[in-house]
Amino acid sequence: MLLLNRPSWQLAIFSGLLVGISYLPINLHFLIFFGFVPIIHAWIKNDKKDNFRSGYIFGITYNLISNYWIGTNSGANFFVVILSLIFAVLYLSVFWGLGGIIYAKVKSKSNMYQIFPFLIVSIEWIRSFGPLGFPWGNLALTQVDYLLLLQLIDITGTYSLSFVVITINLIFYKSYLNKSFLYKNIKK
C-alpha cells in the first residue's frame, strides 16, 4: 500500500507516465494494463474538486508523453508547433478532469468499480466528436503488438478494447487492495 499512500497529484503524474509511455514508439505496451491503478485510487478516495485536479494533471502528463509527435511531425515553424502541442494537451486534459468530476458525482459503494470502465470508454468516445475530435489517443492504440487482443477490434471496435484494458486495471487495483482477491475469484 506504500505506493498508493501518495498525494493525489503524485498518483496522477505516476499514472500519466505509465499510460503515456505505453504508446508507441516505446515498446512498453503492457504498462497500460496497470497504468490506471494510481488514478483509480485517487478518484475513489477524493471528492469532485480533487478528482478534477488529479484528472487534469493525469491528462497533461499522459497527453504530453503520448502526443509529443504533434510537435515533431508537422514541419511548421517551431513556435507554432510548440503552441499547438501545448494547446492540444491542455484541451485533451479537460476530458480527464471532467471524467474525475463525473466519477465523484456518480460513484457509490455499490457501483464504485463497475462504472469506471464505462466512464473511460465514454470519455474516449465523446473526445472523438466535433472539429476538435481526437481519436488518436484511444487506449486501443497501445495494443498494436498484441494480435490476439487486436482481433477483438474487428468484431466489437476500439472501444471494447479500451473497456478490456480498464477492466484489467480494476482487477489489478482490487488485487492490490485485497491480496486474496484474484485467488478467491479465480477459484470460483
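Here a biologist and a modeller talk through the helix packing and buried residues of a predicted model.

Biologist: Happy to get started! Which residues of the largest nonpolar core touch the most other members?
Modeller: Good place to begin. This core has 30 residues, and the elements that give two or more residues to it are α1 (8–20), α2 (37–45), α3, α5, α6 and α8 (158–177). The members that touch the most others are Phe36 and Leu139.

Biologist: And which element gives the most to this core?
Modeller: Several helices contribute two or more residues, among them α1, α3 and α8. The one that gives the most, with six residues, is α2.

Biologist: Let's stay with α2, then. Why is α2 described as largely enclosed by the rest of the structure?
Modeller: Look at its residues one by one: Val37, Pro38, Ile39, Ile40, His41, Ala42, Trp43 and Ile44 are buried. These buried residues pack against α1, α3, α5, α6 and α8. The helix is largely enclosed because the buried share of its nine residues is eight.

Biologist: Back to Phe36 for a moment. Which residues does Phe36 touch, leaving out those up to four places away in sequence?
Modeller: Phe36 is one of the two core members that touch the most others. With the sequence neighbours left out, its partners are Ser15, Val19, Phe58, Trp96, Leu139, Ile166 and Asn169.

Biologist: Now a helix pair. What is the handedness of the crossing of α5 and α6?
Modeller: Helix α5 covers residues 78–106 and helix α6 residues 115–127, and they pack at an angle of about 145° with their axes 10 Å apart. On the α5 side, the residues in contact include Leu92, Phe95 and Trp96, while those of α6 include Ile115, Phe116 and Leu119. The residues of this contact divide into twelve nonpolar, one polar and one charged. As for its handedness, the crossing is right-handed.

Biologist: How are α7 and α8 oriented to each other?
Modeller: Helix α7 (residues 147–156) packs with α8 at an angle of about 135°, the axes being 7 Å apart. Angles from 115 to 145 degrees fall outside the perpendicular and antiparallel classes. The two helices are therefore oblique.

Biologist: Which residues of α8 meet α7?
Modeller: From α7 come Leu149, Leu150, Leu152, Ile153 and Thr156. By class, the contact has six nonpolar, three polar and no charged residues. On the α8 side, the residues are Thr158, Ser160, Leu161 and Val164.

Biologist: Is Pro117 buried or exposed?
Modeller: Pro117 is found in helix α6. Not counting residues up to four places away in sequence, it touches Phe163, Ile166, Thr167 and Leu170. Its relative accessibility is 4%, and the cut-off for burial is under 20%, so Pro117 counts as buried.

Biologist: What about Ser66: which residues is Ser66 in contact with, beyond its neighbours within four places in sequence?
Modeller: Ser66 lies in helix α3 (residues 48–66). At 5% relative accessibility, Ser66 counts as buried. Beyond its sequence neighbours, the contacts of Ser66 are Gly20 and Tyr23.

Biologist: One last one, please. How does Val94 count at 33% relative accessibility?
Modeller: Val94 lies in helix α5, and its C-alpha is 26 Å from that of Ile171, with their places 77 residues apart in sequence. Buried means under 20% and exposed over 50%. At 33%, Val94 therefore counts as partly exposed.

Methods: Residues numbered from 1 in each chain as written. Predicted model: local features only at pLDDT ≥ 70, side-chain atom pairs only at ≥ 80, totals over all residues. Heavy atoms only, no water. Axes fitted to C-alpha atoms, helices over the stretch in contact; angles between N-to-C directions. Helix = DSSP H or I, 4+ residues; strand = E, 2+ residues; numbered from the N terminus. Left-handed = near helix turned anticlockwise from the far one by under 90°. Contact = heavy atoms within 4.5 Å. Nonpolar A, V, L, I, M, F, W, Y, C, P; charged D, E, K, R; others polar. Buried < 20%, exposed > 50% of the residue type's maximum accessible area, 1.4 Å probe, protein only. Core = buried A, V, L, I, M, F, W, Y, C linked by side-chain atoms within 4.5 Å. Parallel < 35°, antiparallel > 145°, perpendicular 65-115°, else oblique.
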